[in-house]
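Reader: I am new to this structure. Please take a close look at one part for me, and go through it step by step.

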Amino acid sequence: MSTQAAATARASVWEGGQSPYATNSKKFGMWLFIISDALTFSALLFAYTYSRVSNPDWPKPFEFTPAIIFSSVMTFALLTSSLTMVMAVHSMNAGNRGATAKWILATMVAGGTFVALHLTEWMKLINQEHVTPFQNPWGVPLFGATFFAITGLHMTHVVIGIIYLGIICQAVVRGKFKAEDVEVAGLYWHFVDLVWMFVFPLVYLMSARVG
Amino acid sequence: MSAHAEVIHEHAPVGIPTFVKVWIALLLLTGIEVFLAYEQVPTMIMLTALVGLSVIKAALIIAYFMHLKFERFSLFLTLFPMLVFCILLMLIFLGDATRIPVMRPPS
């Protein structure tokens, strides 16, 4: 931290010309984006939960094998990718760009695993169970609509995150970008992980076929 | 660029062992969620338990992985009360969802 920046951060918030959050503008911007995106997912998940609770005939198509096993492994992949992302930020803070690039690549591989498993799960639902966003064999069209909307939007976020990390990774290897850029990318990636922590129990576990 | 525009980068005050502990805690909580999903309990109780565990997991991710625990409290106050308030406003309507099934005319 530069001396001037440190002095700026310590200044009284009433004196003007200082940083009340003691953080850089990129990180604050990402936080604002995350909060707005969290509201979008909150609304979608609430709409899903409302439909789920108000409909006693809600389908439970997810068998323990393979759907719940698959989604649990997907959860494991995302949680592990968050850990590798933390390691990337930690390495960048220590000035080790080589290690940072490796940890970011590991994060991208875990994210790619998540997307591959998720697409496999989607294909099974579409081809074997004949579920689409508009109809399904169980006569509750909202199931397909909410399932594909929520998981589709989340998967889009994961894919964008992988591309984002790829851009950051190549820049880190070429000696560009600072530690704060890796940290901001990490914030986005952790948010994607965080959203899945609600999608997994609400969409998968609440529709697990028991018995 | 003004003098105050780009501030601050500090090293994380927590180390790798803490992050690994948080990761293990998140995996354990996920395991508990999967176990609970196969318990035969009413929908609302299941929903409350699963969302409660998810909130704990989210808090761990936000606090440690997203580093918010080590940011200024003013950042937290700016971002999260609004989010929580909006979610609570949505939850007001959840009571209707529980009443709809009993309001259906018998077929």
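Reader: How much of chain B is buried, and how does this chain pack against chain A?

Author: In this predicted model, buried residues account for 19% of the 107 residues of chain B. Chain B has 4 helices and 0 strands. Along the sequence its pattern reads α-α-α-α.

Now take the helices that meet chain A. Start with helix H1 (residues 16–37) of chain B, which packs with helix H3 (residues 64–93) of chain A. Their angle is about 165 degrees, and their axes lie 11 Å apart. An angle over 145 degrees counts as roughly antiparallel, so H3(A) and H1(B) are roughly antiparallel to each other. The crossing of H3(A) past H1(B) is right-handed. From H1(B), the contact uses B:Ile16, B:Phe19, B:Trp23, B:Leu26, B:Leu27, B:Thr30 and B:Val34. Facing them in H3(A) are A:Ile68, A:Ser72, A:Thr75, A:Phe76, A:Leu79, A:Leu83, A:Val86 and A:His90. By class, this contact has 11 nonpolar residues, 4 polar and no charged.

Next comes helix H2 (residues 43–65) of chain B. H2(B) packs with helix H6 (residues 179–204) of chain A at about 170 degrees, with the axes 9 Å apart. That angle makes H6(A) roughly antiparallel to H2(B). H2(B) brings B:Leu50, B:Ser54, B:Lys57, B:Ala58, B:Ile61, B:Ile62 and B:Phe65 to the contact. H6(A) brings A:His190, A:Asp193, A:Leu194, A:Met197, A:Phe198, A:Pro201 and A:Leu202. The contact of H6(A) with H2(B) divides into 10 nonpolar, 2 polar and 2 charged residues.

Notes:
Residues are numbered from 1 along each chain as its sequence is written. Chains are lettered from A and ligands numbered from 1 in the order in which they are written. This is a predicted model: local features need pLDDT of at least 70, side-chain atom pairs count only at pLDDT 80 or more; totals for chains, interfaces and linings use all residues. Axes are lines fitted to C-alpha atoms, for helices over the stretch in contact, and angles run from 0 to 180 degrees between N-to-C directions. Helices (H or I, at least four residues) and strands (E, at least two) are DSSP runs, numbered from the N terminus. Angles under 35 degrees count as roughly parallel, over 145 as roughly antiparallel, 65 to 115 as roughly perpendicular and the rest as oblique. Two residues are in contact if their C-beta atoms, placed from the backbone, lie within 7 Å. Ala, Val, Leu, Ile, Met, Phe, Trp, Tyr, Cys and Pro count as nonpolar, Asp, Glu, Lys and Arg as charged, and the others, Gly among them, as polar. A residue is buried if 20 or more other C-beta atoms lie within 10 Å of its own, exposed if 12 or fewer, and partly exposed in between; C-beta atoms are placed from the backbone. A crossing is left-handed if the near helix is turned anticlockwise from the far one by less than a right angle, and right-handed if clockwise.
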